[in-house]
Amino acid sequence: MAREAPEPIRTVLSRLQRHYRSRSTSPTSTLVHTPHPWIRALGLTAVVLLGAWLGLLIVGSVRAPVGPMDTTMTLRPSLSGGTKINVSPLGALELDSHVAPVRLDVDVDQLDPERSQALVEHPERLSGLQDEVAHDVADGTTELAVRSCVAVVSGATALGLAVYRRPRRALAAGGLALALLTASGISAYATWNPKSVLEPKFSGLLSSAPSVVGNARSIVTEFDVYQKELARLVTNVTKLYDATSTLPTYRPDPGTMRVLHVSDIHLNPASWHIIASLVEQYGIDVIIDSGDTMDHGTTAENGFLDPIPDLGAPYVWVRGNHDSRTTQAYLSRLKNVHVLDEGRAVTVAGLRIAGFGDPQFTPDRSIVAQGDPAERMTGIRFASALRDQARAGTPVDIAVTHNPVAARETDGEVPLVLAGHVHHRETEVMKHGSLLKIEGSTGGGGLRAVQNQRPEKVLASVLYLDRATRRLQAWDEITLGGLGLTTAEVSRHLPKDNQPGATPSPTPSTRAPSLGTSSSPTALSWDRRQDPRKPFWR
């Protein structure tokens, strides 16, 4: 027979039974499990990290001037830290500047013309450019640090309040966010590596930068020379901008159509500003680009083309030997752009324009270049396409191709042929009467110009065509000094059949208060190297 439990134990058991019996029979009874402390800590950490990231994303960036450039500085969550400098559209460079869970992103937005012009007009300021840049960077990073602290704490606190609905938990989230940011700052300070600038990692088009700018260690050891050259390079872009804003304008007859011929831009971002200025000042009806807009034809370069729809006029383009099929496909999707190839023709601004892309893509070293024979064959095919257009009752007014070798094969099939490729101007009346106009480089040779001993000039032409006959009446050749030069020149030319004593032509009338005026078809140039106040004729 089992022994009975002592009286005190029986009393305790009886009370426990009544307690659990009452809980199980109560209609509102539920079984509540308290989360494990580790789970609570992980949940709070997740809320803090997400809130901090949202805070940085929304308000964690600072726009700061650095020397003559406008930049945007931002802190981003990162597993390895470091600094990333984005230079659109050329690519980016990365520095192993520190080890911390945050990365500093610096986006170079634009060159400020006013600050650059100040350097042009006051060369003595170049000696203080290094100190100015260092001061600007210090101010920008200090403001970024303060803004980031506010953004991180505010984001974590706000998300904590939304998730937990308890002020104490929300404040705990904000405090933990501040502690994590402080720890990140201490880690970045402790691991700061100022020598990381000697070993940058380049991406995009900047991957070729070491071969262009030289060894980084020589830049450090010869910094005085590089400082002056860099400042001069930056300010020369502003000189180009200033030159286009003072170009003499021409007001043609109302029956005249205006075509801007550009070529061989070769990835020079200053070209878009120049083209847009010419379109506005000359009232351009259509822009014709005879190719080599790119340098390597890679997908990474495509973003360079994005300003084209905003240039103010329809853009007609043919492929050059530095433009890939990828480039052509990207351009064909842009608004207000007409890509011509295989002899295709379009009517733009009342002009019938046909084009044929270059058959060769020379940056691809895996394919042996076919040279002039391939260009001649392309020209023969182009001439056949032009004849087909004429037989169909839609004769072409202007034919466009990149290489002059191909262009010469169209002689006699069209009144006017435009080409590029050779980086200098040529005008030729061919054997069967077609006028061939070869444009130079509107990009001044592009990025490769920095490698030349003598910089290439920026070249473009404005063509004036009669609206009724669609024949060339006159053209202006516009020449801007390349890097290191400060000249601006506009010259008026008339074809032989439109010179005085022949058929009437638009009355030349150039106006440029800062350059001088002329009503005769002579070249007008201005050279600041001789006297910035004195124009001269030639």
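In the hairpin of β18 and β19, five residues sit between the two strands, and one residue to look for is Arg-470, which takes a positive phi near 60°. Please keep in mind as you explore that this is a predicted model. The protein has 538 residues, of which 44% count as buried, and its fold includes twelve helices and 23 strands. Let's start from that hairpin and walk through some other parts.

**The hairpin and its neighbour**

- Strand β18 covers residues 458-466 and strand β19 covers residues 472-480; the two run antiparallel and are joined by eight bridges.
- To find one matching pair, start at Val-458, whose bridge partner in β19 is Leu-480.
- Strand β18 also pairs with strand β8 (residues 256-262), again in the antiparallel sense, over six bridges.
- Here you can look for Leu-260, which stands opposite Val-462 in β18.
- Is β18 mostly covered or mostly open? Strand β18 is mostly covered, with eight of its nine residues buried.
- As background, strands of a sheet pair through backbone hydrogen bonds, either parallel or antiparallel.

**A sheet of six strands**

- Another place to visit is an open sheet of six strands with mixed pairing, in the order β12-β13-β14-β15-β17-β16.
- Which strands form the edges? They are β12 (345-348) and β16 (426-429), each of which pairs on one side only.
- On average, neighbouring strands of this sheet are turned by 20° against each other, direction ignored.
- Inside the sheet, β13 (residues 351-356) and β14 (residues 398-401) pair in the parallel sense, with four bridges.
- One of the pairings to trace is Ile-353 with its bridge partner in β14, Ile-398.
- Helix α11 (residues 372-391) lies across β12, β13 and β14, and runs at about 150° to β13.

**Salt bridges**

- Side chains of opposite charge can pair when their charged atoms come close.
- The count of salt bridges in this protein comes to twelve.
- Arg-258 and Asp-285 form one of them, with their closest N and O atoms 3.6 Å apart.
- This pair links distant parts of the chain, since Arg-258 belongs to strand β8 while Asp-285 is in the loop between α9 (270-282) and β9, 27 residues apart.
- Arg-258 counts as buried because its relative accessibility is 14%, under the 20% cut-off.
- In another salt bridge, the side chains of Arg-325 and Asp-341 meet at 3.3 Å, N to O.
- Here Arg-325 is in helix α10 (residues 325-332) and Asp-341 is in the loop between β11 (337-339) and β12, so the pair links distant parts of the chain, 16 residues apart.
- The two partners have contrasting surroundings: Arg-325 is exposed, with a relative accessible area of 53%, whereas Asp-341 counts as buried at 11%.
- Arg-325 and Asp-341 are also linked with Arg-319 in a network of salt bridges.
- The side chains of Glu-342 and Arg-381 meet in a salt bridge too, at 2.5 Å from N to O.
- Glu-342 lies in the loop between β11 and β12 and Arg-381 in helix α11, so this pair ties together parts 39 residues apart in sequence.
- Glu-342 counts as partly exposed at 43% relative accessibility, and Arg-381 counts as partly exposed at 42%.

**A buried threonine**

- Thr-293 is in the loop between β9 (286-289) and β10 (315-317).- Is Thr-293 buried or exposed? Thr-293 counts as buried because its relative accessibility is 1%.
- Leaving aside residues up to four places away in sequence, Thr-293 touches Ile-265, His-266, Leu-267, Trp-272, Phe-304, Leu-305, Trp-317 and Asp-323.
- The C-alpha atoms of Thr-293 and Ser-263 are separated by 7.1 Å, with their positions 30 residues apart along the chain.

**The surface and the whole chain**

- The protein exposes about 28,100 Å², and carbon and sulfur atoms supply 58% of that area.
- A nonpolar surface patch of about 550 Å² is made by Leu-50, Trp-53, Leu-54, Leu-57, Ile-58 and Val-59.
- Trp-53 is found in helix α2 (residues 37-59), and it is partly exposed, with a relative accessible area of 39%.
- Among contacts with a separation of 6 or more, 62% are between residues 24 or more positions apart.

Technical notes:
Residues numbered from 1 in each chain as written. Predicted model: local features only at pLDDT ≥ 70, side-chain atom pairs only at ≥ 80, totals over all residues. Heavy atoms only, no water. Patch = residues over 30% accessible without salt bridge, like charges linked within 9 Å, V, L, I, M, F, W, Y side chains within 5 Å. Areas by Shrake-Rupley, 256 points an atom, 1.4 Å probe, with all protein chains shown as cover. Salt bridge = Lys/Arg side-chain N within 4 Å of Asp/Glu carboxyl O. Buried < 20%, exposed > 50% of the residue type's maximum accessible area, 1.4 Å probe, protein only. Pairing = 2+ DSSP bridges. Axes fitted to C-alpha atoms, helices over the stretch in contact; angles between N-to-C directions. Contact = heavy atoms within 4.5 Å.
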